[in-house]
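Visitor: I would like to go over the ligand site and the pockets of this protein. Could you show me the structure?

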Amino acid sequence: MELLTRSLMELIDLRSDTVTKPSVAMMEAMMNAKLGDDVFAEDPTIIELQAYAANLFGKEAALFCPSGTMTNQVAIKVHTKPGDEVICDVNSHIYNYEGGGISANSGVQAKLLHGNEGRLNAELIEANINPDFDWLVKTRLVSLENTVNRAGGSFYTTKQIQPIYELCQSNNLKLHLDGARIFNALVETKENPEEVAKYFHSISVCLSKGLGAPVGSLLLGDKQFIKEARRVRKLLGGGMRQAGILAAAGLYALQNNVHRLKEDHLKAKRIEETLATLPFVESILPVYTNIVIFNLKKDVISGEAFEKKLAEQNVKISSFGKQNIRMVTHLDFTETMLNRTLEVLNGINV
Ligand SMILES: Cc1ncc(COP(=O)(O)O)c(C=O)c1O
(Lines give C-alpha, C1' and ligand atoms only; values in the text may rest on other atoms or scores of the structure.)
Protein backbone atom coordinates (compact mmCIF):
# COMPACT_ATOMS: atom_id res chain seq x y z
CA MET A 1 0.00 0.00 0.00
CA GLU A 2 2.82 2.35 0.97
CA LEU A 3 4.60 1.51 -2.27
CA LEU A 4 1.42 2.22 -4.23
CA THR A 5 0.90 5.60 -2.51
CA ARG A 6 4.52 6.52 -3.16
CA SER A 7 4.28 5.62 -6.84
CA LEU A 8 1.04 7.60 -7.14
CA MET A 9 2.83 10.68 -5.82
CA GLU A 10 5.76 10.23 -8.20
CA LEU A 11 6.36 13.00 -10.67
CA ILE A 12 4.97 12.11 -14.07
CA ASP A 13 6.83 13.96 -16.79
CA LEU A 14 5.15 13.97 -20.19
CA ARG A 15 6.80 17.10 -21.57
CA SER A 16 9.02 15.10 -23.90
CA ASP A 17 10.57 11.69 -24.50
CA THR A 18 13.92 13.37 -23.82
CA VAL A 19 13.31 13.36 -20.04
CA THR A 20 14.24 9.70 -19.49
CA LYS A 21 17.11 8.75 -17.18
CA PRO A 22 19.60 5.99 -17.98
CA SER A 23 18.66 2.62 -16.47
CA VAL A 24 21.02 0.69 -14.19
CA ALA A 25 21.88 -1.70 -17.04
CA MET A 26 22.63 1.25 -19.32
CA MET A 27 24.85 2.84 -16.66
CA GLU A 28 26.69 -0.45 -16.23
CA ALA A 29 27.38 -0.47 -19.97
CA MET A 30 28.68 3.11 -19.64
CA MET A 31 30.93 2.18 -16.70
CA ASN A 32 32.44 -0.71 -18.63
CA ALA A 33 33.01 1.22 -21.87
CA LYS A 34 36.47 1.14 -23.42
CA LEU A 35 37.59 4.72 -24.01
CA GLY A 36 39.96 6.73 -26.21
CA ASP A 37 40.24 10.18 -27.78
CA ASP A 38 37.58 10.45 -30.47
CA VAL A 39 39.01 13.59 -32.06
CA PHE A 40 41.84 11.21 -33.04
CA ALA A 41 39.13 8.66 -33.96
CA GLU A 42 40.55 6.38 -31.27
CA ASP A 43 37.57 5.75 -29.01
CA PRO A 44 36.75 2.04 -29.43
CA THR A 45 33.17 2.35 -28.16
CA ILE A 46 32.37 5.24 -30.50
CA ILE A 47 33.91 3.30 -33.37
CA GLU A 48 31.74 0.32 -32.42
CA LEU A 49 28.57 2.41 -32.16
CA GLN A 50 29.18 4.11 -35.51
CA ALA A 51 29.88 0.77 -37.22
CA TYR A 52 26.81 -0.82 -35.59
CA ALA A 53 24.52 2.01 -36.71
CA ALA A 54 25.97 2.22 -40.23
CA ASN A 55 25.43 -1.52 -40.63
CA LEU A 56 21.90 -1.35 -39.18
CA PHE A 57 20.90 1.33 -41.71
CA GLY A 58 22.91 -0.13 -44.60
CA LYS A 59 25.03 3.02 -44.91
CA GLU A 60 28.79 3.21 -45.43
CA ALA A 61 29.56 5.30 -42.36
CA ALA A 62 28.22 7.08 -39.28
CA LEU A 63 29.24 9.94 -37.01
CA PHE A 64 28.41 10.26 -33.31
CA CYS A 65 27.40 13.80 -32.32
CA PRO A 66 26.20 15.38 -29.06
CA SER A 67 22.69 16.17 -30.30
CA GLY A 68 20.09 15.86 -33.02
CA THR A 69 20.37 19.56 -33.62
CA MET A 70 24.03 19.08 -34.43
CA THR A 71 23.51 16.09 -36.75
CA ASN A 72 20.86 18.04 -38.68
CA GLN A 73 22.95 21.20 -38.82
CA VAL A 74 26.09 19.34 -39.88
CA ALA A 75 24.14 17.60 -42.65
CA ILE A 76 22.67 20.86 -43.92
CA LYS A 77 26.10 22.50 -43.94
CA VAL A 78 27.73 19.61 -45.82
CA HIS A 79 24.96 19.43 -48.44
CA THR A 80 24.65 23.16 -49.19
CA LYS A 81 26.51 26.40 -49.99
CA PRO A 82 25.62 29.83 -48.56
CA GLY A 83 22.73 31.31 -50.56
CA ASP A 84 21.12 27.91 -51.24
CA GLU A 85 17.62 26.88 -50.25
CA VAL A 86 16.38 23.87 -48.30
CA ILE A 87 12.81 22.68 -48.81
CA CYS A 88 11.08 21.50 -45.63
CA ASP A 89 7.68 21.42 -43.97
CA VAL A 90 6.51 24.48 -42.06
CA ASN A 91 6.40 22.37 -38.89
CA SER A 92 9.90 20.98 -39.24
CA HIS A 93 12.31 20.91 -36.31
CA ILE A 94 15.21 22.12 -38.45
CA TYR A 95 13.30 25.33 -39.14
CA ASN A 96 11.47 25.93 -35.85
CA TYR A 97 13.64 24.62 -33.06
CA GLU A 98 17.28 24.77 -34.01
CA GLY A 99 17.90 28.39 -33.10
CA GLY A 100 17.93 29.65 -36.68
CA GLY A 101 20.86 27.33 -37.39
CA ILE A 102 19.99 26.90 -41.07
CA SER A 103 20.86 30.53 -41.70
CA ALA A 104 23.39 31.03 -38.89
CA ASN A 105 25.50 27.94 -39.61
CA SER A 106 25.06 27.45 -43.34
CA GLY A 107 23.84 30.80 -44.75
CA VAL A 108 20.91 28.91 -46.25
CA GLN A 109 17.24 29.86 -46.41
CA ALA A 110 14.24 27.61 -45.98
CA LYS A 111 11.28 27.20 -48.32
CA LEU A 112 8.45 26.18 -46.04
CA LEU A 113 5.75 23.91 -47.44
CA HIS A 114 2.43 22.94 -45.94
CA GLY A 115 2.50 19.17 -46.01
CA ASN A 116 -0.13 16.71 -44.90
CA GLU A 117 0.35 16.42 -41.12
CA GLY A 118 3.95 17.51 -41.58
CA ARG A 119 4.60 15.09 -44.44
CA LEU A 120 5.66 16.35 -47.85
CA ASN A 121 5.01 14.61 -51.16
CA ALA A 122 6.81 14.65 -54.51
CA GLU A 123 4.18 16.76 -56.27
CA LEU A 124 4.34 19.51 -53.69
CA ILE A 125 8.13 19.51 -53.66
CA GLU A 126 8.38 19.52 -57.46
CA ALA A 127 6.23 22.63 -57.68
CA ASN A 128 8.69 24.39 -55.37
CA ILE A 129 12.02 23.53 -57.00
CA ASN A 130 13.37 26.68 -58.56
CA PRO A 131 14.42 26.73 -62.21
CA ASP A 132 18.12 27.41 -62.73
CA PHE A 133 18.01 31.22 -63.25
CA ASP A 134 20.73 33.57 -61.96
CA TRP A 135 18.17 35.56 -60.00
CA LEU A 136 16.54 32.63 -58.22
CA VAL A 137 17.79 30.99 -55.06
CA LYS A 138 19.31 27.58 -55.76
CA THR A 139 17.21 24.71 -54.45
CA ARG A 140 19.80 22.28 -53.11
CA LEU A 141 18.31 20.14 -50.41
CA VAL A 142 15.04 18.58 -49.27
CA SER A 143 14.68 17.66 -45.62
CA LEU A 144 11.98 15.34 -44.28
CA GLU A 145 11.17 14.62 -40.64
CA ASN A 146 10.12 11.13 -39.52
CA THR A 147 8.22 11.00 -37.24
CA VAL A 148 6.94 14.58 -37.32
CA ASN A 149 7.23 16.04 -33.84
CA ARG A 150 4.76 18.89 -34.30
CA ALA A 151 2.16 16.78 -36.09
CA GLY A 152 1.34 14.17 -33.46
CA GLY A 153 4.19 11.87 -34.43
CA SER A 154 2.87 11.19 -37.94
CA PHE A 155 5.16 9.03 -40.06
CA TYR A 156 6.09 8.21 -43.65
CA THR A 157 6.08 4.75 -45.23
CA THR A 158 8.85 3.92 -47.70
CA LYS A 159 6.18 3.95 -50.41
CA GLN A 160 5.65 7.65 -49.69
CA ILE A 161 9.38 8.38 -49.54
CA GLN A 162 10.45 6.64 -52.75
CA PRO A 163 8.86 9.16 -55.20
CA ILE A 164 10.44 12.02 -53.23
CA TYR A 165 13.84 10.35 -53.56
CA GLU A 166 13.35 9.82 -57.30
CA LEU A 167 12.36 13.46 -57.74
CA CYS A 168 15.48 14.56 -55.83
CA GLN A 169 17.70 12.30 -57.92
CA SER A 170 16.33 13.63 -61.19
CA ASN A 171 16.75 17.24 -60.02
CA ASN A 172 20.22 16.82 -58.53
CA LEU A 173 18.94 17.55 -55.01
CA LYS A 174 20.13 15.95 -51.80
CA LEU A 175 17.57 14.36 -49.50
CA HIS A 176 18.13 14.50 -45.73
CA LEU A 177 16.07 12.77 -43.04
CA ASP A 178 15.65 14.22 -39.58
CA GLY A 179 15.00 10.79 -38.12
CA ALA A 180 15.10 11.88 -34.49
CA ARG A 181 12.28 9.36 -33.93
CA ILE A 182 12.82 7.08 -36.92
CA PHE A 183 12.43 3.95 -34.79
CA ASN A 184 8.99 5.11 -33.65
CA ALA A 185 8.06 5.15 -37.33
CA LEU A 186 9.67 1.79 -38.06
CA VAL A 187 7.90 -0.08 -35.26
CA GLU A 188 4.62 1.05 -36.83
CA THR A 189 5.46 0.43 -40.51
CA LYS A 190 7.32 -2.80 -39.63
CA GLU A 191 9.96 -1.83 -42.18
CA ASN A 192 13.71 -2.34 -41.75
CA PRO A 193 16.01 0.62 -41.15
CA GLU A 194 17.80 -0.26 -44.43
CA GLU A 195 14.61 -0.07 -46.48
CA VAL A 196 14.09 3.56 -45.45
CA ALA A 197 17.75 4.57 -45.37
CA LYS A 198 18.40 3.71 -49.00
CA TYR A 199 16.26 6.67 -50.05
CA PHE A 200 18.28 9.28 -48.16
CA HIS A 201 21.70 10.83 -48.72
CA SER A 202 21.95 11.52 -45.00
CA ILE A 203 20.01 10.51 -41.90
CA SER A 204 20.03 11.86 -38.36
CA VAL A 205 18.99 9.39 -35.67
CA CYS A 206 18.54 10.41 -32.02
CA LEU A 207 19.51 8.08 -29.20
CA SER A 208 18.27 10.42 -26.48
CA LYS A 209 14.54 10.43 -27.34
CA GLY A 210 12.44 7.27 -27.13
CA LEU A 211 15.53 5.06 -26.98
CA GLY A 212 16.42 6.42 -23.55
CA ALA A 213 20.12 7.34 -23.85
CA PRO A 214 21.11 10.49 -21.94
CA VAL A 215 22.96 12.12 -24.87
CA GLY A 216 23.73 11.61 -28.49
CA SER A 217 22.68 11.35 -32.10
CA LEU A 218 24.12 9.64 -35.14
CA LEU A 219 24.55 11.01 -38.62
CA LEU A 220 24.63 8.41 -41.39
CA GLY A 221 25.71 8.60 -45.01
CA ASP A 222 28.38 7.53 -47.46
CA LYS A 223 32.09 7.65 -46.56
CA GLN A 224 32.78 10.93 -48.36
CA PHE A 225 29.79 12.64 -46.71
CA ILE A 226 30.80 11.46 -43.23
CA LYS A 227 34.42 12.56 -43.83
CA GLU A 228 33.15 16.08 -44.56
CA ALA A 229 30.69 15.85 -41.66
CA ARG A 230 33.57 15.10 -39.24
CA ARG A 231 35.23 18.38 -40.28
CA VAL A 232 32.00 20.34 -39.84
CA ARG A 233 31.29 18.70 -36.48
CA LYS A 234 34.70 19.92 -35.28
CA LEU A 235 34.06 23.40 -36.68
CA LEU A 236 30.80 23.56 -34.70
CA GLY A 237 32.57 22.47 -31.53
CA GLY A 238 31.22 18.94 -31.52
CA GLY A 239 34.52 17.04 -31.49
CA MET A 240 34.45 14.98 -28.30
CA ARG A 241 37.22 13.16 -26.47
CA GLN A 242 36.51 10.08 -24.26
CA ALA A 243 32.85 10.17 -25.26
CA GLY A 244 32.71 6.38 -25.53
CA ILE A 245 31.10 6.59 -22.11
CA LEU A 246 28.11 8.18 -23.92
CA ALA A 247 28.37 5.96 -26.99
CA ALA A 248 28.04 2.92 -24.70
CA ALA A 249 24.65 4.25 -23.61
CA GLY A 250 23.70 4.75 -27.26
CA LEU A 251 24.77 1.24 -28.18
CA TYR A 252 22.79 -0.16 -25.27
CA ALA A 253 19.76 1.89 -26.37
CA LEU A 254 19.92 0.65 -29.96
CA GLN A 255 20.32 -2.96 -28.87
CA ASN A 256 17.68 -3.01 -26.13
CA ASN A 257 15.16 -0.22 -26.41
CA VAL A 258 13.83 -0.24 -29.96
CA HIS A 259 11.07 -2.85 -29.91
CA ARG A 260 9.49 -1.62 -26.69
CA LEU A 261 8.61 1.71 -28.38
CA LYS A 262 5.30 0.10 -29.34
CA GLU A 263 4.34 0.22 -25.64
CA ASP A 264 4.76 4.01 -25.70
CA HIS A 265 2.46 4.21 -28.72
CA LEU A 266 -0.24 2.15 -27.03
CA LYS A 267 -0.06 4.37 -23.95
CA ALA A 268 -0.36 7.50 -26.12
CA LYS A 269 -3.47 5.98 -27.73
CA ARG A 270 -5.04 5.45 -24.31
CA ILE A 271 -4.42 9.10 -23.44
CA GLU A 272 -6.03 10.08 -26.75
CA GLU A 273 -9.07 7.93 -25.97
CA THR A 274 -9.54 9.60 -22.58
CA LEU A 275 -9.04 13.10 -23.99
CA ALA A 276 -11.75 12.40 -26.57
CA THR A 277 -14.28 12.04 -23.74
CA LEU A 278 -13.38 15.29 -21.95
CA PRO A 279 -15.73 18.26 -22.44
CA PHE A 280 -12.98 20.91 -22.40
CA VAL A 281 -10.97 19.34 -25.24
CA GLU A 282 -11.67 21.04 -28.57
CA SER A 283 -9.74 18.74 -30.93
CA ILE A 284 -6.98 16.13 -30.92
CA LEU A 285 -4.47 15.50 -33.69
CA PRO A 286 -4.58 11.84 -34.73
CA VAL A 287 -2.11 9.97 -32.52
CA TYR A 288 0.21 7.87 -34.68
CA THR A 289 3.10 7.10 -32.34
CA ASN A 290 4.11 8.53 -28.93
CA ILE A 291 3.08 12.19 -29.29
CA VAL A 292 -0.33 13.50 -28.25
CA ILE A 293 -1.22 17.04 -29.33
CA PHE A 294 -4.58 18.61 -28.62
CA ASN A 295 -6.42 21.92 -28.35
CA LEU A 296 -8.41 23.13 -25.38
CA LYS A 297 -11.71 24.97 -25.79
CA LYS A 298 -10.90 28.66 -25.88
CA ASP A 299 -13.49 30.02 -23.51
CA VAL A 300 -13.27 27.10 -21.10
CA ILE A 301 -9.63 26.72 -20.07
CA SER A 302 -6.30 28.16 -21.23
CA GLY A 303 -3.19 26.08 -21.87
CA GLU A 304 -1.44 27.78 -18.97
CA ALA A 305 -4.28 27.03 -16.52
CA PHE A 306 -4.46 23.41 -17.73
CA GLU A 307 -0.71 22.98 -17.32
CA LYS A 308 -0.96 24.37 -13.79
CA LYS A 309 -3.85 22.08 -12.83
CA LEU A 310 -1.88 19.04 -13.93
CA ALA A 311 1.31 20.24 -12.25
CA GLU A 312 -0.63 20.47 -8.94
CA GLN A 313 -1.25 16.72 -9.37
CA ASN A 314 2.42 16.03 -10.15
CA VAL A 315 1.86 15.65 -13.89
CA LYS A 316 4.08 17.78 -16.10
CA ILE A 317 3.02 18.59 -19.66
CA SER A 318 3.96 21.35 -22.08
CA SER A 319 1.67 23.92 -23.59
CA PHE A 320 2.66 24.80 -27.16
CA GLY A 321 0.55 27.85 -27.74
CA LYS A 322 -2.28 29.52 -25.85
CA GLN A 323 -4.63 26.52 -26.22
CA ASN A 324 -2.32 23.84 -27.58
CA ILE A 325 -0.97 21.03 -25.40
CA ARG A 326 1.59 18.29 -26.03
CA MET A 327 2.11 15.07 -24.07
CA VAL A 328 4.79 12.58 -25.02
CA THR A 329 5.01 9.00 -23.73
CA HIS A 330 8.37 7.34 -23.13
CA LEU A 331 10.49 4.64 -21.50
CA ASP A 332 10.13 6.01 -17.97
CA PHE A 333 6.34 6.42 -18.19
CA THR A 334 5.02 3.27 -16.54
CA GLU A 335 1.59 1.63 -16.64
CA THR A 336 0.93 2.94 -13.08
CA MET A 337 1.82 6.44 -14.24
CA LEU A 338 -0.50 6.07 -17.23
CA ASN A 339 -3.41 5.07 -15.01
CA ARG A 340 -2.67 7.96 -12.67
CA THR A 341 -2.49 10.41 -15.62
CA LEU A 342 -5.87 9.22 -16.92
CA GLU A 343 -7.32 9.59 -13.42
CA VAL A 344 -5.96 13.16 -13.17
CA LEU A 345 -7.33 14.05 -16.60
CA ASN A 346 -10.75 12.62 -15.76
CA GLY A 347 -10.75 14.56 -12.49
CA ILE A 348 -10.17 18.01 -13.97
CA ASN A 349 -12.98 20.43 -13.25
CA VAL A 350 -13.23 23.64 -15.22
C1 LIG B 1 12.24 16.03 -34.77
C2 LIG B 1 13.42 16.46 -33.98
N3 LIG B 1 14.59 16.68 -34.59
C4 LIG B 1 15.68 17.07 -33.94
C5 LIG B 1 15.67 17.26 -32.57
C6 LIG B 1 16.89 17.77 -31.88
O7 LIG B 1 17.43 16.91 -30.99
P8 LIG B 1 18.36 17.45 -29.79
O9 LIG B 1 17.45 17.86 -28.72
O10 LIG B 1 19.18 16.24 -29.46
O11 LIG B 1 19.19 18.55 -30.32
C12 LIG B 1 14.46 17.05 -31.87
C13 LIG B 1 14.39 17.27 -30.41
O14 LIG B 1 13.42 17.11 -29.75
C15 LIG B 1 13.31 16.65 -32.59
O16 LIG B 1 12.13 16.46 -31.98
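Guide: What follows covers the ligand, its contacts and the pockets of this predicted model.

Visitor: Which residues are around the ligand?

Guide: The surrounding residues are Ser67, Gly68, Thr69, Asn72, His93, Glu98, Glu145, Asn149, Asp178, Ala180, Arg181 and Lys209. By character, 1 is nonpolar, 6 are polar and 5 are charged.

Visitor: Which helix gives the largest share of that shell?

Guide: Helix H4, residues 68–79, contributes the largest share, with 3 residues.

Visitor: What lies at 2.8 Å from a ligand oxygen atom?

Guide: A polar backbone atom of glycine 68 lies at that distance. Polar side-chain atoms also approach ligand oxygen atoms: one of asparagine 149 at 2.9 Å, and one of lysine 209 at 3.0 Å.

Visitor: How much of the ligand's accessible area does the protein cover?

Guide: The protein covers 84% of the 390 Å² that the ligand has on its own.

Visitor: Which pocket does the ligand take up?

Guide: The ligand occupies the largest pocket, which holds about 270 Å³ of space. Its lining has 21 residues, with His93, Tyr97, Asn149, Arg181 and Lys209 nearest the centre. That lining divides into 4 nonpolar, 11 polar and 6 charged residues, and H4 supplies the largest share of it, 3 residues.

Visitor: Changing topic, what is the volume of the second largest pocket?

Guide: The second largest pocket has a volume of about 210 Å³.

Visitor: And which residues lie nearest its centre?

Guide: Asn130, Asp132, Lys138, Thr139 and Asn171 do, out of 14 lining residues in the second largest pocket. This lining comprises 6 nonpolar, 4 polar and 4 charged residues.

Conventions
Residues are numbered from 1 along each chain as its sequence is written. This is a predicted model: local features need pLDDT of at least 70, side-chain atom pairs count only at pLDDT 80 or more; totals for chains, interfaces and linings use all residues. Side-chain values use heavy atoms; hydrogens and water are left out. A residue is near a molecule or strand if one of its heavy atoms lies within 4 Å of it. A polar contact is a pair of N or O atoms within 3.5 Å; within protein, one must be able to donate a hydrogen and the other to accept it, and residues adjacent in sequence count only if both atoms are side-chain atoms. Accessible areas come from the Shrake-Rupley method with a 1.4 Å probe; for residues, only the protein chains shown count as cover. On a 1 Å grid over the protein atoms alone, a cavity is a set of points where a 1.4 Å probe fits but cannot get out, and a pocket is an open set with protein on both sides within 12 Å along at least five of seven lines; lining residues have an atom within 4 Å of a point. A molecule sits in a cavity or pocket if more than half of its atoms lie within 2 Å of its grid points. Helices (H or I, at least four residues) and strands (E, at least two) are DSSP runs, numbered from the N terminus. Ala, Val, Leu, Ile, Met, Phe, Trp, Tyr, Cys and Pro count as nonpolar, Asp, Glu, Lys and Arg as charged, and the others, Gly among them, as polar. Grid points are joined across faces, edges and corners, and a volume is the space filled by probe spheres set on the points.
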